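Biologist: I should like to understand the terms applied to this structure. Could you explain them one at a time?

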Amino acid sequence: MPYDSFLVAKIVKEVETPVYLTGIYDATGHSIVLSLNKRDLMIDVGGWPNFRFTKIFVEKDVNPSSFVSLMRAKLKGSILLRVSQVDFDRIVKFEFEVKNLIGEKEIFELYHEVMGSFGNIILVKDGKVISAFKNVSSVKRTILPGVNYVLPDEDRIEPWKVDENLFLNAAGRLDQFLVSKVRGFSKKTAIEVAKIANLSFDTEITSLKVDEIDRIVELIRKMVKNLDDTHVYLSFDGEMPKDIYAFEPYGEFKTFESASEAIEKLLSGTKEESPILKKERLSKSVKSLIDKNAEILRKVRQELKESDNAEEFRKYGELLMAHLHELPKKSQRVEVLDWETNKTVIVNLDPKIDVSKNAQHFFSIYTRLKNKHDGIVKREETIQKRISYLQEIEYEIENISENAELDEIEKELSIFKYIPVRKKQKIQKESKPIEYDVKDFKIIIGKNNIQNDRITRSASPDDLWFHAREVPGSHVILVTGKREPPDDVIELVASFAAGHSKYRNDLWASVDYTYVKYVSKPKGAKPGFVTYKNFKTLRVKPRSV
C-alpha cells in the first residue's frame, strides 16, 4: 500500500506542537513510541515503515534497547518544538529542545526516513549523527555515530510544479515516468492516478493525447489542493482493507478524518494479524529465501566449475599408461606426447611411488571428481527448481486479494518447511479463483498454487489449459463443454494467462495451451507444478480480468 509523501504530509498535520515529551519506549523489534502529553506516537521502520498516533497499548519496557536508552538520556525533559516534512519527501524531522545541566538550551533533531521499503530513525545534534536505529554504511550513504547527517539526493520536481511542459519530449511508461519525475509519487500512487484518469498505467507517454495529459495534470493539482485537509481514504477489495490514500482513489473507499485512525484500522482492525501485515511478512520471508538460495546457487556453480578439472586427471592417467614402457619407474615429473594435440605435456608425479601407481592415483582423483560433479549438477538442478518455485510464490503474494489466499500460501510454505508453522494457524475459508464468462464459455483463473492444482484437477479432460510460457503465473482453464471455442476466445484466454503472470507488465507474451487431458502432475511435485504435452503457443498482449 502506498505510504507516499501525500500521506506523510497529512500525518504531520496531526502532531500539535509545542508539546512535552513524557516518555520513550520500545514498542516492537522495529518500532518505538514517543509519549506526547498522553498521546502515543509510534514510529515504525518494519516491513511497512510509517509513523502515526496509536491507541495500541504499549507496555513500558524493562530492558530498553541501546537506541531507546540513549534517546532517553539525551531527550529527558524535552519539548517537541515542531514536526516538519523534509522537501516533500517521506522524511519527517522532529525538533526537540532540551535544557542541559547548566541550564542552556540545546536542539536535537530526530529523523524518520523511508526510502523504498527501508525505514530508519536517526538522532542528530549540530548536524552530526548521535545514534541510529539502523547503522548504514554503503557507497551511496553512511549513517553512523559521529558522521555528518546528509539528506538523500532528490532531483524530482515537487507535485505543485507539474504542468503540461513536463510531458514535452518525454518517453517511457506513464507510471514509471511519474515515479521518476514527480516528488512524492510511489508506484501505486502513479497507478491510481492513471486509473482515475481512465488510462492504463503502462500507457506510453509518447502516445498520450493533449486532453489526457490535461487530465493527469489536473488530477495532480487536485491532490496538492487536498493536502490542505486531513481526510484520508481507505480502499477495499471486498471486505479486505487494501490500500490507504491521501486522495480519493478509484473504486470503493471509506473516508477517515485522521490518517492515524485509517492506518490503525488497516493494520490493527482485528485481534488477528492484519492481512496487510501478513502479506508484508510472507513477502519478506519469501524474498529472503530467494536471496539465500541464489547465494547457494552461486557457490554450487563455483564448485561445479572447479570439478570440471576431472577430465584433466583422466587424461594424465591415460597418457602415463600409454607411455609406461618409455618412462622411468619413479620420477618427480615426466614429459609425454599427447596424441590428440601432438604436443608435449608435463605431468608432475609423486616420486615415492612408481609411474603406474601415479596413473592409478590420477584415475581415482578423476572418479572422485566425476562423482562429485554429477552430485553438484543434481544439486544445482534442485536449487534452481526451488528458486523457481519461490519466485512463483512471490508473484502470488504480490497479487493477492483475499485473506483466505494468504492463509493458503502460508500453509503451503509451512508444509514444505520453508517457514515455521505458526500457532493457531488455520484457514478461515477456502479461497475462490477468478471466474469470467465470455460468449457462453467460462474462464477460471487460479490465484495461488493451491487454487491452480484445484482448478486443473477438477477440470474436464476436454477443457483447455493455459499458462504463460516458462514464467510464474496462474493456471487458466477454458471450460469448453466439449465444444470447439472460436479463435478470438482462445486468444482472450491466453491474454488473461499472460496478464496473470510475470509477463503482466510486458507488451507481448508467449502462452502455451493444451487440453487438460495432456496435463499431468508428477508424483510428489509441489503445488502448482505440472508437465504438459501436445501444446500450442500463442503470442498475445497481457490482459488482467
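Modeller: The following exchange concerns a predicted model and takes up burial, salt bridges and one helix.

Biologist: Why is Arg183 called buried?

Modeller: Buried means under 20% relative accessible area, and Arg183 has 9%, so the term applies. Arg183 lies in the loop between helix H3 (174-181) and helix H4 (187-196). Its side chain reaches the backbone oxygen of Arg156 at 2.8 Å.

Biologist: What makes Glu95 and Arg82 a salt bridge?

Modeller: The cut-off is 4 Å between a side-chain nitrogen of Lys or Arg and a carboxyl oxygen of Asp or Glu. The closest N and O atoms of Glu95 and Arg82 are 3.0 Å apart, therefore the pair qualifies. The pair links strand S6 (residues 91-99), which holds Glu95, with strand S5 (residues 79-85), which holds Arg82.

Biologist: Why is Arg82 called partly exposed, and why does Glu95 count as buried?

Modeller: Partly exposed lies between the limits of 20% and 50%. Arg82 has 42% relative accessibility, so it is partly exposed. Glu95 has 11%, which is under 20%, and therefore counts as buried.

Biologist: What makes Lys188 and Asp243 a salt bridge?

Modeller: Their closest N and O atoms are 3.3 Å apart, which is within 4 Å, so the definition is met. Lys188 is in helix H4 and Asp243 in strand S13 (residues 240-245), 55 residues apart.

Biologist: How do you know that helix H12 is mostly covered?

Modeller: Of the 13 residues in H12, 10 are buried; among them are Val489, Leu492 and Phe496.

Methods:
Residues numbered from 1 in each chain as written. Predicted model: local features only at pLDDT ≥ 70, side-chain atom pairs only at ≥ 80, totals over all residues. Heavy atoms only, no water. Buried < 20%, exposed > 50% of the residue type's maximum accessible area, 1.4 Å probe, protein only. Helix = DSSP H or I, 4+ residues; strand = E, 2+ residues; numbered from the N terminus. Polar contact = N/O pair within 3.5 Å; in protein donor to acceptor, adjacent residues only side chain to side chain.
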